Amino acid sequence: MIPGTAGPVVLFSLPLAAAIVVFIRPRWSVPVTLGTGAVLLAVALWLVGVVLQQGGWRQDIGGWTAPLGIGWNVDGLSATMLLLNAAVGLAGAAFHAARPAPPATARDPRFFWPLWLFLWGGLNALFLAADLFNVYVALEFVSIASVGLIGLVGGSAQAAAWRYLLATLLGSTIYLLGVALLYGRYAALDLALLAEGVEPDLVTAVAAALMTLGLLLKAAIFPLHFWLPAAHGRAPPAVSAVLSAVVIAAGYYLLVRLWFGPFAPLLGTGVATLLGLLGAAAVLWGGLLALMQRHLKMLIAYSTVSQFGYGLLVFPLVAAGAAHPAWAGAVMLVLAHGLAKAALFLAAGAIILRHGIGRLEALGGDQRGAVVAWVAFAVASASLVGLPPTGGFVGKWWLAQAALASGGYFWLAVLMLGTAFTAAYLWRALQAAVEPGWESGGEPPTLSPALGLGALLLALSAAALGLAAPLIARLLDAGPGVSG
Amino acid sequence: MGTAGVIFDGLLALALVWLAWQATRAADLFHAVVSFIVFGLLMALAWVRLEAPDIALAEAAIGAGATGALLLSALDRLVTREGRRTVLYEPGAAWGFWIPAGAALLGALTLAAWKLPAPGLGDEVLASLGASGVDHPVTAVLLNFRALDTLLEIGVLLLAAVTIWSLGRAPSPLVPVMPSPALPALGRLLFPVFVLVAAYLLWRGSHAPGGAFPAGAVLGAGAILMLLAGARPWIRSSEHGPWRWILSLGLAMLLAAGIAGTVMGQAFFQYPPGTAGPLILLLEVAAGLSIALLLFALYLRGEPCEHGYRGSGP
Amino acid sequence: MTVYLSLAGVLFLIGLHGFFTARNLLRRLLALNVLTTAVFLLFVVMARLAEPLDAVPHAIVLTGIVVTVSTTAVALALLVRIAGRMRDEDTDPAAGPRGGAG
């Protein structure tokens with residue numbers, strides 16, 4: 001038995017078991033969730049260490065090998081995503097635990113904690129899964145948990161939850177159709193097994209197109225992003241954080257797994273350019289819309305549409321031959337974006353709690369109680385824009401290197417223009433802090449200092465990622481992008 | 001199969017297409033929902049024709065039964081009293097550009113599906129069946145080869161129930177105005193039959209079509225029927241009562257079975273040698289019970305009362 | 001089997017068409033269910049075409065049916081809440097009391 005195989009078992013089972021405990025005994029919610037989060041973060045870190053030492057591995061479930069059995073896949077990419085999930089999950093839980101009690105008139109979100117842990121477990125199951133149908137069940141798991149969390153606050157959030165649910169269900173059904181075709185063609189559902197046997201014929205191409213379409217819808221990639229801003233903007237802050245940072249990344253993660261795994265033979269210049277153009281459009285359109293928002297959380301939500309566009313640039317760059325830096329750069333960007341975006345949403349949540357309103361022009365003036373949150377916002381912004389030495393900078397730098405090495409000047413221009421947009425809309429948000437604002441007159445609400453602290457820690461780790469760049473590069477050497 | 005079989009298949013397919021069209025296009029929403037329920041029932045026939053009796057059982061109980069009950073009771077809330085005018089509309093024009101894309105996709109899809117070699121895993125399943133602890137291939141796949149899927153699936157059910165609870169309290173009165181005065185008596189008469197059928201299916205599952213899924217579905221459908229027949233929903237959401245335990249039982253037991261393998265130094269979900277048969281039976285009972293209760297919980301459309309229903313009449 | 005393969009294709013088209021053109025939200029949900037059934041049908045046809053009969057797609061479809069009823073139930077519960085809220089907003093108090101449905 002490979003050392004480290006207990007890690008995935010804990011990462012898979014613990015959140016689900018904790019969800020059951022918290023469902024049965026709601027009064028234990030906060031300690032159980034925070035304890036679970038601490039253990040999960042430790043195990044994810046340890047798993048990253050193990051992968052650094054001995055490379056990735058695949059472990060069979062129930063002792064059955066593929067094609068009959070299903071397995072878990074542990075490598076640099078999945079370990080990175082598991083770590084991101086653990087960090088954001090813990091910070092979000094801490095934020096939610098520290099938020100002031102909702103006013104008596106508001107609906108008490110009674111089932112936040114079990115849903116939160118279920119989402120956590122579903123995401124972990126998804127990042128571990130090496131089987132296409134297992135991925136489908138995990139995707140539905142994540143969708144339902146996300147819908148529950150979005151709809152918790154009631155009101156217009158439930159309409160947003162409905163739109164999200166319908167879009168995501170359509171996405172999974174289209175994905176499942178692709179899986180059915182692949183199964184009919186190869187009688188295999190395992191990623192590694194398919195990667196060995198796939199031939200670039202019509203059935204495979206149609207299956208690849210369907211699965212990609214379904215996942216683009218789930219990852220809210222332009223022009224399929226229509227459902228995202230309302231859902232992410234209206235959810236509670238902790239929920240927005242995990243949705244933008246991890247749930248969207250899950251769709252992207254699967255796209256990368258598929259195109260650098262089974263579908264690698266199909267990744268010609270045409271397909272890669274098409275995906276890249278979608279990414280470019282997402283970067284620019286999302287950036288433009290973020291610039292036009294008047295509500296802080298909506299600005300951050302549109303920024304998610306924009307930022308995941310960068311991720312798609314990996315396809316044309318890898319197809320052009322710059323596999324290594326492009327691959328590492330894209331994953332680094334997704335990781336840095338996840339940490340920074342979660343920090344932004346949590347900081348925004350604290351700031352909005354302080355001012356009682358989310359309109360940009362209302363956020364100025366007296367900042368007592370929100371200083372830590374604004375600092376976290378600024379640090380996270382620095383990483384999202386890509387100032388050195390943050391993780392965002394390293395990711396963009398690697399992508400730029402790949403673009404230069406392969407002569408992809410168009411993609412370089414997209415990268416630059418997107419950065420300008422990012423800087424512009426985040427500057428607008430930060431500027432709101434120092435303007436006069438709307439004085440409410442009354443004494444500001446007393447907020448727990450822990451509210452801003454989680455955001456600050458996430459923002460600092462996004463920034464510190466840049467210092468860990470060599471380690472990340474080594475971790476991702478074990479990923480599928482380099483072998484492909 | 002003979003000519004009669006081909007003609008039957010053709011007629012069945014035509015009926016299914018017509019019903020699906022009615023379900024999505026009929027002007028009257030009630031008509032659409034009923035078409036969808038009949039569509040589910042006829043699909044069960046199609047599954048039988050395709051030699052998938054397990055799916056036929058599940059489709060009849062879940063696809064037509066439980067989903068039908070869910071749809072009908074939701075419909076009662078969605079339509080106003082004055083006629084069946086619906087309240088929920090959303091502009092459809094924004095979707096227009098999708099249709100050509102969909103049609104093109106379908107063309108490519110049909111072309112692709114025609115060329116499928118469909119090798120299947122039948123041989124592999126049969127080769128490993130002896131070691132799986134059960135004789136029925138579908139049960140072996142569900143609870144041994146692909147037990148992880150089943151774990152997540154029971155998780156999805158529990159999660160859906162929690163999500164529905166999180167949306168708010170169950171409406172009261174829960175049961176719509178009786179469509180037929182005969183229903184209560186019929187429901188009470190039929191419930192024991194449902195229980196017997198479920199028990200039989202569960203017992204049969206280890207060697208023949210049946211097992212936890214159809215059994216749980218049948219039991220759940222029976223419970224919903226009882227509710228329609230006027231029984232008080234007996235699930236309570238109180239933290240002190242047993243219901244939260246019972247609803248979580250299936251997922252908890254599957255998780256425990258998975259972890260037990262790891263603790264004993266084997267792979268996740270690997271049953272110790274020789275114990276697969278009894279363990280699977282145990283898990284099946286838990287999974288079947290969970291499916292039944294959770295289907296019932298889904299039907300409540302909200303968090304049930306914590307301690308008990310007082311009179312729900314006017 | 002050609003019959004059922006074509007059936008899957010036609011059902012898929014009906015579901016897709018319904019999903020994109022229906023204006024009523026409940027109808028859109030029904031269309032999505034038809035769409036899912038078409039995918040299940042494709043799985044089972046493949047199981048039937050395989051030699052010997054393949055149990056794996058059967059298990060997959062059984063799992064899929066349970067997952068689908070869960071998502072449908074969540075969608076319906078959400079829909080009922082949204083409709084209730086819309087009705088509360090739409091109903092003018094001056095227009096008289098609502099029916100007993102709420």
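Two residues are in contact if their C-beta atoms, placed from the backbone, lie within 7 Å. With that in hand, let's explore this predicted model.

**Exercise 1.** Find how many residues of domain 1 and domain 2 of chain B are in contact, and sort the domain 1 side by class.

*Solution.* Start with the bounds: the domain assignment gives chain B a domain 1 at 1-80 and a domain 2 at 134-308. Next, count the contacts: twelve residues of domain 1 of chain B meet 15 residues of domain 2 of chain B. Finally, sort the domain 1 side that touches domain 2: eight residues are nonpolar, two are polar and two are charged.

**Exercise 2.** Describe the side of chain B that touches chain C, by element and by class.

*Solution.* First, the totals: chain B brings 78 residues to this contact and chain C brings 64. Then look at the elements of chain B that give two or more residues, among them α1 (3-25), α2 (29-49), α3 (53-78) and α11 (276-299). The top contributor on this side is α3(B), with 13 residues. Last, the classes: the side of chain B that touches chain C holds 50 nonpolar, 15 polar and 13 charged residues.

**Exercise 3.** Work out where the predictor is confident in chain C, and where its pLDDT is below 50.

*Solution.* Begin with the whole chain: chain C has a mean pLDDT of 81, with 83% of its residues at 70 or more. Now go element by element: helix α2 (residues 25-49) of chain C has the highest mean, 91, and helix α1 (residues 2-21) of chain C the lowest, 84. Then turn to residues 91-102 of chain C, where the pLDDT is below 50. Beyond near neighbours in sequence, this stretch has eight contacts in the model. To finish, note the scores of the model: ipTM 0.93 and pTM 0.92.

Notes
Residues numbered from 1 in each chain as written. Chains lettered and ligands numbered in written order. Predicted model: local features only at pLDDT ≥ 70, side-chain atom pairs only at ≥ 80, totals over all residues. Helix = DSSP H or I, 4+ residues; strand = E, 2+ residues; numbered from the N terminus. Nonpolar A, V, L, I, M, F, W, Y, C, P; charged D, E, K, R; others polar. pLDDT = per-residue confidence, 0-100. Domains from an automatic or database assignment.
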